[in-house]
Amino acid sequence: MSPRLQRVMLLAAFALIAASSGTSEQKYDVSGNDSFRIGTMMPTTSIAYIGTQRLTIDRNGPARRYTAEATYRRSDDSGKAVVHARFVQELNRAGDFEDRSDGDPDFLTILNQPFAIQLDPTTMHDLRTMHGSIPFQAQSPFGGATLRGFLRPERAGRVSGQDVVGVRFEARGPMSGPMPQHPEASIAGTIIMDGTAYYATHSALLLALNATLSISGSLIDRSDEVPVKIVYKRSIRANDAAENWSAALHRAD
């Protein structure tokens, strides 16, 4: 099939989807780990996450509303707790994503990641035909600095019984601003983001991702300055057979 014909078919399929209305769902498994090391004498502390989430897509013509609701166990040195998170995002008629509600402080929902939840036909076509490395830039989630890096194609495969195409990204830039979750202290250093995302070939929906965000530099608190290293890791994967964690996690506790 020629690229031109393939793109025409994708555009036609997207037009058919965009004209429809209704609700659809996708379930995901989610896991993650945060690690913090401050100074050279203190031990590394970590927080682990595991759970599931449900993505609901409400369609009204070309407009879409995405709602991700996650239930997960958060484990650290102080113990374990069951946490619920919710994130709402909308795709408006102009084709732009807008965050409507952010109740996801641990960055566990599929909508609160450095990947778009769904691609338009043109971007999906470009992803399927990508070769080599493509430079790109993005805004840092901390400090607002510009991160620069490259996009690279990943091998195609299957996730939850669906054919997917993958993309990998790597980017870095300066980190200057308050320490995440500790605004009284600031960090000066470097932020690096690295990840892989897999999109369904038929719907262009994000079905799986692995993402790592690393911050290294100096922690400045009043007159003190000490080295700091923070690493956030997230893994989310579609799973239509996901267990109802809202009940299972409470039973385990």
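## Exercises on a predicted model

**Exercise 1.** Examine the salt bridge that Glu25 forms with Arg54, whose closest N and O atoms are 2.9 Å apart, and state which strands hold the two residues.

*Solution.* The structure is a predicted model, in which local features need pLDDT of at least 70 and side-chain atom pairs count only at pLDDT 80 or more, while totals for chains, interfaces and linings use all residues. Residues are numbered from 1 along each chain as its sequence is written, and side-chain values use heavy atoms, with hydrogens and water left out.

Begin with the criterion: a salt bridge is a side-chain nitrogen of Lys or Arg within 4 Å of a carboxyl oxygen of Asp or Glu. Glu25 and Arg54 form such a pair, with 2.9 Å between the closest N and O atoms. Next, place the partners: Glu25 belongs to strand S1 (residues 21–38) and Arg54 to strand S2 (residues 45–60), so that the pair, 29 residues apart, links distant parts of the chain. Here helices (H or I, at least four residues) and strands (E, at least two) are DSSP runs, numbered from the N terminus. Finally, Arg54 counts as partly exposed because its relative accessibility is 34%, given that buried means under 20% relative accessible area, exposed over 50%, and partly exposed in between (1.4 Å probe, protein chains only).

**Exercise 2.** Determine which salt-bridge partners Glu170 has, and set these pairs within the whole structure.

*Solution.* One partner is Arg152, whose side chain meets that of Glu170 at 3.1 Å, N to O. This pair also links distant parts of the chain, Arg152 lying in strand S7 (residues 146–159) and Glu170 in strand S8 (residues 162–179), 18 residues apart. Glu170 forms another salt bridge with Arg168, where the closest N and O atoms are 3.5 Å apart. Turning to accessibility, Arg152 is partly exposed at 29%, Glu170 is partly exposed at 32%, and Arg168 is partly exposed at 26%. The search of the whole structure finds 12 salt bridges, and Arg65, Glu90, Glu98 and Arg100 are linked in a network of them.

**Exercise 3.** Work out how the buried residues of helix H2 (residues 121–128) are arranged around its axis.

*Solution.* First list the buried residues of H2, which are Pro121, Met124, His125 and Leu127. They lie on the same side of H2, because they cover an arc of only 160 degrees around the axis, the arc being that of the directions from the helix axis to the C-beta atoms. Then look at the start of H2, where a side-chain oxygen of Asp120 comes within 3.0 Å of the backbone nitrogen of Thr122.

**Exercise 4.** Describe the place of Pro227 in the chain, and then the overall make-up of the chain.

*Solution.* Pro227 is part of strand S11 (residues 224–238), and with a relative accessibility of 42% it counts as partly exposed. The C-alpha atoms of Pro227 and Arg37 are separated by 8.3 Å, although the two residues are 190 residues apart along the chain. For the chain as a whole, the count is 3 helices and 11 strands, which run from the N terminus as α-β-β-β-β-β-α-β-β-β-β-β-β-α. Of its 253 residues, 40% count as buried.

Note on methods: Polar contact = N/O pair within 3.5 Å; in protein donor to acceptor, adjacent residues only side chain to side chain.
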